[in-house]
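Hi,

Here is the structure I promised to pass on. Have a look at it first, and then read on for my notes.

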Amino acid sequence: MKSSVDAIKELREMTCASVAHCKKALEETKGDIKQAAVLLRKQGLEIAAKKSSRAAKEGRVDCYIHHGNKIGVLIEVNCESDFVARNADFMNFTKDLAMQIAATGPEYIKKEDVPEEVLKHEKSKEDYYKNNCLMEQVFVKDPSLLIKDYLGSIVSKLGENIVIRRFTRYKIGE
């Protein structure tokens with residue numbers, strides 16, 4: 001099936017994937033944009049998994065101060081090259097992550113970071129992960145995405161391993 005230029009453009013804006021990937025995904029899903037977006041997200045996670053063993057020694061430290069100056073976040077996100085660290089998409093990603101942390105207050109980056117003794121007291125591990133692990137949270141700017149999906153799409157687009165190394169959230173009175 002031949003994909004229309006408008007459909008490719010719409011899918012590209014939704015997913016940040018390349019034109020070729022968008023066209024291929026639309027052909028595989030017979031023109032269904034929603035299914036194509038899901039397929040591209042899955043492919044992004046697969047690409048991210050393949051690149052995860054590569055060293056990420058460059059990157060940036062970013063910050064976000066919420067309106068009213070009551071909440072602030074510092075975050076370190078690493079990538080493989082300084083070229084990507086200066087890329088606008090990477091900079092937007094780090095800023096979005098800092099805003100996400102300010103809004104949701106996660107305690108951990110991924111569920112593997114949660115100590116077993118913390119989970120002993122929880123009724124539902126999955127609910128705890130969704131509320132307290134950054135990678136498992138719904139992205140505040142786009143509720144159809146999890147942070148891990150957003151990370152996968154950025155890795156796929158930029159072609160480098162990207163690692164959320166650490167963050168600190170400050171709130172007045174805490």
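Below is what turned up, going from salt bridges to helix packing, cysteines and backbone angles.

One thing up front: this is a predicted model, so please read everything here in that light.

Salt bridges first. Searching the whole structure gives eight of them. I'll go through a few.

The pair Glu 76 and Arg 166 has its side chains meeting at 2.5 Å, N to O. Glu 76 sits in strand β2 and Arg 166 in strand β3 (residues 163-171), so to speak of distant parts of the chain is fair: they are 90 residues apart. The two ends have unlike surroundings: Glu 76 is buried, at 16% relative accessible area, while Arg 166 is exposed at 55%.Next comes Asp 96, which forms a salt bridge with Lys 141; their closest N and O atoms are 2.8 Å apart. Asp 96 belongs to helix α5 and Lys 141 to the loop between α7 (125-132) and α8, so this pair ties together parts that are 45 residues apart in sequence. Asp 96 counts as buried because its relative accessible area is 9%, below the 20% cut-off.

There is also a network of salt bridges linking Arg 60, Asp 62 and Lys 95. Within it, the side chains of Asp 62 and Arg 60 meet at 3.4 Å, N to O. Asp 62 is buried, with a relative accessible area of 5%, and Arg 60 is partly exposed at 23%.

On to helix packing. How do α5 and α8 run relative to each other, roughly parallel or roughly antiparallel? The axes of α5 (residues 88-104) and α8 (residues 147-158) come within 11 Å and cross at roughly 170 degrees. Angles over 145 degrees count as roughly antiparallel, and the two helices are therefore roughly antiparallel to each other. On the α5 side, the contact is made by Asp 89, Phe 90, Asn 92, Phe 93, Asp 96, Leu 97 and Gln 100. The α8 side brings in Ile 147, Tyr 150, Leu 151, Ile 154, Lys 157 and Leu 158. Sorted by class, that contact has eight nonpolar, two polar and three charged residues. Asp 96 of α5 is part of this contact as well as being the salt-bridge partner of Lys 141.

Now the cysteines. How many disulfides are there? The count comes to zero. Take Cys 63: the nearest cysteine sulfur is that of Cys 79, 17 Å away. A disulfide needs the two sulfur atoms within 2.5 Å, so that pair does not qualify. Cys 63 is partly exposed, with a relative accessible area of 37%, whereas Cys 133 is buried at 0%.

Last, two backbone angles you may want to look at. Lys 30 has a phi near 55 degrees, a positive value in a residue other than glycine. You'll find Lys 30 in the loop between α2 (19-28) and α3 (33-51), where Lys 30 is exposed at 66% relative accessible area. Asn 69 also has a positive phi, about 55 degrees, and is not a glycine. Asn 69 is in the loop between β1 (58-65) and β2 (71-79), and with a relative accessibility of 59% Asn 69 counts as exposed.

That's the lot from me.

Cheers

Conventions: Residues are numbered from 1 along each chain as its sequence is written. This is a predicted model: local features need pLDDT of at least 70, side-chain atom pairs count only at pLDDT 80 or more; totals for chains, interfaces and linings use all residues. Side-chain values use heavy atoms; hydrogens and water are left out. Helices (H or I, at least four residues) and strands (E, at least two) are DSSP runs, numbered from the N terminus. Buried means under 20% relative accessible area, exposed over 50%, partly exposed in between (1.4 Å probe, protein chains only). Axes are lines fitted to C-alpha atoms, for helices over the stretch in contact, and angles run from 0 to 180 degrees between N-to-C directions. Angles under 35 degrees count as roughly parallel, over 145 as roughly antiparallel, 65 to 115 as roughly perpendicular and the rest as oblique. Contact means heavy atoms within 4.5 Å. Ala, Val, Leu, Ile, Met, Phe, Trp, Tyr, Cys and Pro count as nonpolar, Asp, Glu, Lys and Arg as charged, and the others, Gly among them, as polar. A salt bridge is a side-chain nitrogen of Lys or Arg within 4 Å of a carboxyl oxygen of Asp or Glu.
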